[in-house]
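The turns below go through one structure step by step, for someone who is seeing it for the first time. Please keep the sequence and the 3D view at hand while reading.

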Amino acid sequence: MTDRLYDIVIIGAGVIGCSTALALSRKGYRTLNVDRLPAAGYGSTSGSAAIIRPYYSTVEGTSLAYEGHFHWKDWANFLGLEDDGELARYNQCGCLILMGRDSDRLASTRRILDAVGVPFHILGAAEVSSLMPGIALDSFTPPKRIDDPEFGVPNGATLEGAIVCPTGGYINDPQLASRNLQQAAMAHGATFRFNVEVSEIRQLGGRILGVTLNGTERIDAPVVVNIAGPHSGVVNEMAGVREAMAIRTRPLRQEVAHVPAPAGLDFSGKGHVMTDGDTGVYMRPEIGNHMFVGTLEPACDPLEWVDPDGFDPSFTDQWTNLVWRAAQRFPTLGIPNKAEGIVALYDVSDDWIPIYDRSDLDGYFMAIGTSGNQFKNAPVVGQMMAELIAYCGNGGDHDREPLQFHLKHVDRDISLGFFSRNRPIHADSSFSVLG
Ligand SMILES: Cc1cc2nc3c(=O)[nH]c(=O)nc-3n(C[C@H](O)[C@H](O)[C@H](O)COP(=O)(O)OP(=O)(O)OC[C@H]3O[C@@H](n4cnc5c(N)ncnc54)[C@H](O)[C@@H]3O)c2cc1C
């Protein structure tokens, strides 16, 4: 034992920061999470659509997501907490990928699902229509903006059907899920401090010394982990590690529309999470027979890279484009006069695949670049980060011999080298929220 209070300072108490605290404190580390906001999960996690879907464009991404599904399904046990009615809920309504003309990518998706052992089946167009009454199966691809004269004009083809993945759905309250993780971590001795901002990453001779809070208070620790969400780049600048990284992160402004479900459809009761590459949106059921609609970043839409401390929180024509695109698929979808939903930030990496890694500064780690798609993986990422920190602490040379992490439910090892800060761009990525 040393006279230091903490072995590890975690910057951020979002869903991934809290999960990392839980995994580390289970291993016996004394952790401190610090967050500039007032409570766990108040940052970008609170804006999350919290979709749990097993399909990604890589074997590693799919494996991680499928492993995550098992933890959400067994949430109370995963946390080691009593289910007293205060735990986040997993609505396993299943996911449906509409199959349009983008058949190469979907053929690859199917190969990867098969390789990882994720259950799925295929529905033909007629079965999709009877599952989702009122759905239009016209093809509109490529997605367009609503001011395009061709917007809403079918291209003459029809969708072929859908891939259905039953092991998916959504978490009802992503902020509550973070608080659950916090509570579980605290039961193992983890400490959390809110309304405090890391203003300096202290270091000497290429090694971490600790952090400074609010410009005055020094906290010593031999390990600091950057899990600062959309502020990850700012924190990496502070640590002086950003320049040396091959893959970087930056904040992207995103809108998610919240609208009443299409008339005549019990979407919150019987709907699925839907991925519609043909119109460029994803949709998911929400209570009160509502629907969330988000973007799949079609090529026609400009990406809004912003300052994480100075972005516009109001809705723009991004919202209108989303809702009108969803209305191509569901013609009975009413378009509300008042925009409602979420305006939030993704922390996007250069290839939309996260960085779970050490850094060139000894003792400084990062779980960043979550690119709008890592909520579902948080329970697994916490464990990966804890093993990585232990591996490096025990002298493991992660850059040369990357840690292999065992996914126990999927029964597969993945190399954490896949998430390296120094990897070449993963060319297989969708370069979108689909990862
Ligand atoms: C609109 C939207 C929709 C999404 N939908 C999905 C989805 O459907 N499925 C899915 O899997 N993923 C989704 N995601 C992504 C997912 O929500 C994120 O990957 C995840 O929540 C990131 O968690 P985090 O803990 O890394 O970051 P955050 O929740 O952003 O937490 C970072 C914390 O760090 C704190 N912080 C930053 N700088 C400092 C500092 N200097 N000092 C102290 N504290 C600091 C912040 O206050 C913040 O609380 C979505 C994200 C958004 C924004």
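Q: Is the crossing of α1 and α10 right-handed or left-handed?
A: This is a predicted model, and in it the axes of helix α1, residues 15-26, and helix α10, residues 378-393, come within 7 Å and cross at roughly 50°. That angle falls outside the ranges counted as roughly parallel, antiparallel or perpendicular, and α1 and α10 are therefore oblique to each other. As for its hand, the crossing of α1 and α10 is right-handed.

Q: How many nonpolar, polar and charged residues make up the contact of α1 with α10?
A: On the side of α1 the contact is made by Val15, Ile16, Ser19, Thr20, Ala23 and Leu24. On the side of α10 it is made by Ala378, Pro379, Val381, Gly382, Gln383, Met385, Ala386 and Ile389. Sorted by class, the residues of this contact of α1 with α10 are 10 nonpolar, four polar and no charged.

Q: Are α2 and α4 parallel, perpendicular or oblique to each other?
A: Helix α2 covers residues 59-73 and helix α4 covers residues 103-116, and their axes come within 9 Å. These axes cross at roughly 55°, and the crossing in which α2 passes α4 is right-handed. With the axes at roughly 55°, the relation of α2 to α4 is oblique.

Q: Which residues of α4 meet α2, and how does the contact divide by class?
A: From α2, the residues that take part are Val59, Thr62, Ser63 and Tyr66, and they meet Ile112, Leu113 and Val116 in α4. By class, the contact of α2 with α4 holds five nonpolar, two polar and no charged residues.

Q: Which strands are the edge strands of the open sheet with the order β10-β11-β12?
A: Three strands form this open sheet, and their pairing is antiparallel. Strand β10, residues 198-204, pairs with β11 over six bridges, while β11 pairs with strand β12, residues 217-220, over four bridges. An edge strand pairs on one side only, which is the case for β10 and β12.

Q: Which residue in the hairpin of β10 and β11 takes a positive phi?
A: Where β10 and β11 pair, the bridge partner of Gln203 is Ile208 in β11. The hairpin of these strands has two residues between them, and the residue with a positive phi, near 55°, is Gly205.

Q: Which residue in the hairpin of β11 and β12 takes a positive phi?
A: In the pairing of β11 with β12, Thr212 stands opposite Arg218 in β12. Three residues lie between the strands in this hairpin, and the residue whose phi is positive, near 50°, is Asn214.

Q: How many of the seven residues of β11 are buried?
A: Strand β11 runs over residues 207-213 and is mostly covered. Of its seven residues, the number that are buried is five.

Q: Is His272 buried or exposed?
A: His272 is placed in the loop between α8, residues 267-270, and β15, residues 273-276. Beyond its neighbours within four places in sequence, His272 is in contact with a set of residues including Cys93, Leu131, Phe267 and Arg284. Its relative accessibility is 11%, and since buried means under 20%, His272 counts as buried.

Terms used. Residues are numbered from 1 along each chain as its sequence is written. This is a predicted model: local features need pLDDT of at least 70, side-chain atom pairs count only at pLDDT 80 or more; totals for chains, interfaces and linings use all residues. Side-chain values use heavy atoms; hydrogens and water are left out. Axes are lines fitted to C-alpha atoms, for helices over the stretch in contact, and angles run from 0 to 180 degrees between N-to-C directions. Angles under 35 degrees count as roughly parallel, over 145 as roughly antiparallel, 65 to 115 as roughly perpendicular and the rest as oblique. A crossing is left-handed if the near helix is turned anticlockwise from the far one by less than a right angle, and right-handed if clockwise. Contact means heavy atoms within 4.5 Å. Ala, Val, Leu, Ile, Met, Phe, Trp, Tyr, Cys and Pro count as nonpolar, Asp, Glu, Lys and Arg as charged, and the others, Gly among them, as polar. Buried means under 20% relative accessible area, exposed over 50%, partly exposed in between (1.4 Å probe, protein chains only). Two strands pair if DSSP finds at least two bridges between them.
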